[in-house]
Amino acid sequence: MATLHTRSAARLMIAPSVLLLLAWMIVPLAMTIYFSFLRYNLLMPGMEEFAGFSNYSYFLTDPAFFQALFNTLAIVLGVLFITVIGGIALALLLDQPMFGQGIVRILVIAPFLIMPTVAALVWKNMFMNPVNGLFAWIAKLFGLQPFDFLANAPLMSVILIVAWQWLPFATLILLTALQSLDEEQKEAAQMDGAGALSRFIYLVLPHLSRAITVVILIQTIFLLSVFAEILVTTNGGPGTQSTNLTFLVYAQALLQFDVGGASAGGIIAVILANIVAFFLMRMIGKTLEA
Amino acid sequence: MARNVSTQRKIVVTVVAWTIGILIFFPILWTFLTSFKTEAEAIASPPSLFFFDWTTENYHEVQSRSNYFLHFMNSVVVSFGSTLIGLIIAIPSAWAMAFSPTKRTKDVLMWMLSTKMMPSVGVLVPMYLLFRNTGLLDTRTGLVIVLTLINLPIIIWMLYTYFKEIPGEILEAARMDGASLSKEIIYVLTPMAIPGIASTLLLNIILAWNEAFWTLNLSAAKAAPLTAFIASYSSPEGLFYAKLSAASTMAIAPILILGWFSQKQLVRGLTFGAVK
């Protein structure tokens, strides 16, 4: 059926997307690689010169870089921990028969639909603010000293905010996967006398494993580049306590105008993301064959 | 007896689930309520949940002080613009890959997806410089271009998985009945493709509306969509809780409503069809 005619037509239909994405992928990335080998500061135009690997060695020996690397991993792992465990628990709960299931589902999904800057600002001001925030009021209610979240535990606060945004994503996907579990299988296990716990470990969890993997991989891609939440809450601080790799590169480029250094940082971020992407792509590739 | 137990259980589950649901939703509810308070009531201690003098003052105030409508329109133009252009580019591609696949189709799809894996910060510097040198910085056009490019892989993937589900036998049946190619497209394929295209449109508007890396870095006073506009409340202005809440409520309400209608598509689109 695929005649020569239809095949060339198909190629023509695919061409615009391929060319656009090819350009989008190659042009800026090539420029970043090129810049990363230059001594290039926007404040000193015309002074660009080849710098070899000095931008990389500057970045890789900067204490802020290791702090940022640590923070990046802490955000990814912290949010994953909260959302995967919480997501499984919530999905199991929402899968039970109850009154008003649809409404509860809607309530739980909502945080994922909120734009990051709004989510972060609402948490920062109306909940975590040590004077006027709701948490401060609750603390005072119990006679405790209000806790200044963003000053004393900036990284934890960012993790909390981002986890609130991503919990619905994990819940929704795990719930969808849970609902595809065969009822008969569950009943059969129950008749064979399997308790709730062993049913969960031997039946539900293996069934969810694919969805859990998908959740982990996709969230990791997004969590490696958390940006807006940091920008509007802590601005990376105090010091660099809540600066992640994305924010460090942003600060280097648009606050210090160091194009060379920022580019080197960008390339390091790309390499990190590629390691994760490698596993994700294999996972999705497998489903394509199925 | 068994029935009694299950009703009891259902009630317990209902109470627990509703409590957790309301807790998770609470920050949004609180924002909504605060937007109708006066600034004094917004920071009053103890805070009042429902019993305060409801006022719409903040909504007027937000518009008159910062031209809220401009930023709202920026969001609309950027999210709808980038989604529509993306669809125009993606529909033929997804169509071709779904209905006349070749040996390389799978590789092309995987490669397209891999462009989505590149962290934005890796190309922040050149994009910023390119935009600065071409006058695209802080323009709606510039934002539409970038958002079209970053969401194109998701659009193509979603469309592809939907088109794949249109059974080929239907085409054969139409042909047997003597339908011409144009009739085939208009009467058979289009009606079957429209739900998929609509879902893709919906999900992408949500993603583009909430995008907050490029909008924050490539726009300022003129072209800033709501994501970037709200960010300006992070310093001094943020102390005006009621106004922040009013601005936030208007920014999130349209997308909350769209999102609630497209829960299923959300899962499918965000997992690239890996979970349905």
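Trainee: How far apart are the end C-alpha atoms of residues 68-94 of chain A?

Mentor: Some ground rules before that one: this is a predicted model, where local features need pLDDT of at least 70, side-chain atom pairs count only at pLDDT 80 or more, and totals for chains, interfaces and linings use all residues. Residues are numbered from 1 along each chain as its sequence is written, while chains are lettered from A and ligands numbered from 1 in the order in which they are written. Residues 68-94 of chain A are 100% helix and 0% strand, with helices (H or I, at least four residues) and strands (E, at least two) taken as DSSP runs numbered from the N terminus. The end C-alpha atoms of that span lie apart by 37 Å.

Trainee: And which UniProt annotation covers residues 68-94 of chain A?

Mentor: UniProt positions are given in the numbering used here, with shortened feature names, and annotations may be inferred rather than shown by experiment. The unreviewed entry also lists 155-179 of chain A under that annotation, a span that is 100% helix and 0% strand, with end C-alpha atoms 35 Å apart. For residues 68-94 of chain A, the UniProt annotation is "transmembrane region".

Trainee: What radius of gyration does chain A have?

Mentor: Chain A has 13 helices and 2 strands. The globule rule (2.2 Å times the number of residues to the power 0.38, with the radius of gyration taken over C-alpha atoms) gives 19 Å for 290 residues. Chain A is well over that, so it is more spread out than a compact globule. Its radius of gyration is 24 Å.

Trainee: What percentage of the 290 residues in chain A is buried?

Mentor: Buried means that 20 or more other C-beta atoms lie within 10 Å of a residue's own; exposed means 12 or fewer, and partly exposed is in between, with C-beta atoms placed from the backbone. By that count, Gln185(A), in helix α9 (residues 183-191) of chain A, is partly exposed because 13 other C-beta atoms lie within 10 Å. Ile212(A), in helix α10 (residues 196-223) of chain A, is also partly exposed, with 17. Across the 290 residues in chain A, the buried part is 42%.

Trainee: How far is Ile212(A) from Ile85(A), C-alpha to C-alpha?

Mentor: Along the chain, these two are 127 residues apart. In space, their C-alpha atoms are separated by 10.0 Å.

Trainee: Moving to the two chains: which element of chain B gives the largest share of the side that touches chain A?

Mentor: The contact takes 81 residues from chain B and 82 residues from chain A, two residues being in contact if their C-beta atoms, placed from the backbone, lie within 7 Å. On the chain B side, 15 residues come from the element you're after, residues 2-34. By class, that side has 59 nonpolar, 20 polar and 2 charged residues; Ala, Val, Leu, Ile, Met, Phe, Trp, Tyr, Cys and Pro count as nonpolar, Asp, Glu, Lys and Arg as charged, and the others, Gly among them, as polar. The largest share comes from helix α1 of chain B.

Trainee: Where does helix α9 of chain B bend?

Mentor: This helix covers residues 181-210 of chain B. Its buried residues, including Ala193(B), Gly196(B) and Trp209(B), pack against α5 (116-127) of chain A as well as several helices of chain B, among them α4 (68-99) and α12 (241-261). The bend is about 50 degrees (the angle between axes fitted to the seven residues ending at a residue and the seven starting there). A proline, Pro191(B), follows within four residues of the bend, which sits at Thr190(B).

Trainee: How many residues of helix α8 of chain B are buried?

Mentor: Helix α8 (residues 168-176) of chain B is followed by Gly178(B), whose phi is positive, near 90 degrees. The helix has 9 residues and is hardly covered. The count of buried residues is 0.

Trainee: What distance separates the centres of domain 1 and domain 2 of chain B?

Mentor: Chain B is divided into domain 1 (2-57) and domain 2 (66-270), with bounds from an automatic or database domain assignment. Their contact takes 9 residues from domain 1 of chain B and 7 residues from domain 2 of chain B. On the domain 1 side, α1(B) gives the most, with 3 residues. Taken over C-alpha atoms, the centres are separated by 33 Å.
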